[in-house]
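Reader: I would like a close look at the enclosed and open space in this model. Please begin with the overall build, then take the spaces one at a time and say what lines them.

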Amino acid sequence: MKKLAFGFAALLASAAFAQSFPAKPVHIVVAFPPGGGTDIVARLLAPRLTEAWGQQVIVDNRAGASGVIGTEFAARSAPDGTTLFLGTLGNLAVNQHLYPKMTVDPLRDFAPVTQVVAVHFVMVANPALPARNIGELITLATSRPGQIYYSSSGPGGAPHLAGELFKSMAKVNLVHVPYKGSAPSFQDLLGGQVSLTCDSLVQALPYIRDKRLVALAVLGAARSPLLPDVPTVGETLPGYELTNWFGLVAPAATPGATVAKIHADVVGILKDPAVADKLSGMGATAIGNRPEEFGAAMRADSEKWGRLIREAHIKAE
């Protein structure tokens, strides 16, 4: 009986805490520098959550080590809901297979809140590259093995995986040049230090529209309504497909009632047509699924990409 009373009291205390959440400013940790796709989405959510919670919501960029620094910082933060992590496929499902010395396991050390967006990817090239589609790129790369450089946001991120999957399926030798985030990767692509990259439409679309970069292909299963004339990679390489995602998680010991409140408030924002339309216009689809669904997706992607990393002998440079 005492156990039941204690459990009921704990439940009431947890619910009361969630009702008053947050009692202080909330930080959304992004594991990359400002200007990348994750940062853009976090800064779209932050002011709306500030309004909903009556507390300032701050985007906290903690870049380095291909997202490992930000991931570890967020996982070790106080489990009270005031430090959240907007992670990517790379941060939450891939890096643990590339970095054996990581001190956290995202599947163990985070409580899933929700997948925020599905992020549609595109392969873009500097206009100086003499290729305008995937067929021409394969022909060019075949004739110039080891001479075409592609950039990424860092080892193990979705841009890196996209490039390695392309190399494997097209049987070409491209040279990977990793950066500390998408923003510096794009700066060198625009400057011509590298020739191409695979990254989110969120990041790439403005450069495609002002013709500073050329879209060679989209990476998903279907063409994007934002780039209807740009074919998929799969139209030339059947079976090629990659869609990234950004998801919100909290430290694993965060009370369930707090996670539920954060989930409800974030999903409410994602269901706002103005927010969904803005994300769609940037090349992302608002998701807002349940914590258990997001957790299952994290585990499935960890298994899928972990297998590819082992079979293709992908290394973190």
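**Space in and on the fold**

Author: The protein has twelve helices and ten strands, where helices (H or I, at least four residues) and strands (E, at least two) are DSSP runs numbered from the N terminus. Its radius of gyration is 20 Å, close to the 20 Å of the globule rule for 317 residues, so the chain is as compact as a globular protein of that length. That radius is taken over C-alpha atoms, and the rule is 2.2 Å times the number of residues to the power 0.38. Along the principal axes, the C-alpha atoms fill a box of roughly 75 × 40 × 30 Å. Of the 317 residues, 55% are buried (under 20% relative accessible area, with a 1.4 Å probe and protein chains only).

This is a predicted model, in which local features need pLDDT of at least 70, side-chain atom pairs count only at pLDDT 80 or more, and totals for chains, interfaces and linings use all residues. Residues are numbered from 1 along each chain as its sequence is written, and side-chain values use heavy atoms, leaving out hydrogens and water.

Now the enclosed space. Two cavities of 30 Å³ or more are present. A cavity is a set of points on a 1 Å grid over the protein atoms alone where a 1.4 Å probe fits but cannot get out, and lining residues have an atom within 4 Å of a point. Volumes are the space filled by probe spheres set on points joined across faces, edges and corners.

The largest cavity holds about 180 Å³. It is lined by 21 residues, and F32, T38, T88, S153 and S182 come closest to its centre. Helices α2 (37-53), α4 (89-98) and α7 (158-170) each give two or more residues to this lining, as do strands β4, β7 (196-200) and β9 (243-251). The most comes from α2, with three residues. By class, the lining of the largest cavity has eleven polar, eight nonpolar and two charged residues. Here Ala, Val, Leu, Ile, Met, Phe, Trp, Tyr, Cys and Pro count as nonpolar, Asp, Glu, Lys and Arg as charged, and the others, including Gly, as polar.

One contributor, β7, spans residues 196-200, and helix α9 covers residues 201-209. Seven of the nine residues in α9 are buried, namely L201, V202, Q203, A204, L205, Y207 and I208. Just after α9, K211 takes a positive phi of about 65°.

The second largest cavity has about 30 Å³ of space. Its lining includes A31, F32 and P33, the run A63, G64, A65, S66 and G67, then S153, and finally Y179, K180 and G181. F32 and S153, which are among the residues closest to the centre of the largest cavity, thus appear in this second lining as well. Six nonpolar, five polar and one charged residues make up the lining of the second largest cavity.

The open space comes last. The largest pocket has a volume of about 230 Å³. Of its 17 lining residues, H120, A222, R223, S224 and P225 are the closest to its centre. A pocket is an open set of grid points with protein on both sides within 12 Å along at least five of seven lines. Strands β4 (110-125) and β10 (284-286) each supply at least two residues of the pocket lining. β4 therefore serves the pocket and also gives two or more residues to the largest cavity. The pocket lining divides into eight nonpolar, seven polar and two charged residues.

Technical notes
Buried means under 20% relative accessible area, exposed over 50%, partly exposed in between (1.4 Å probe, protein chains only).
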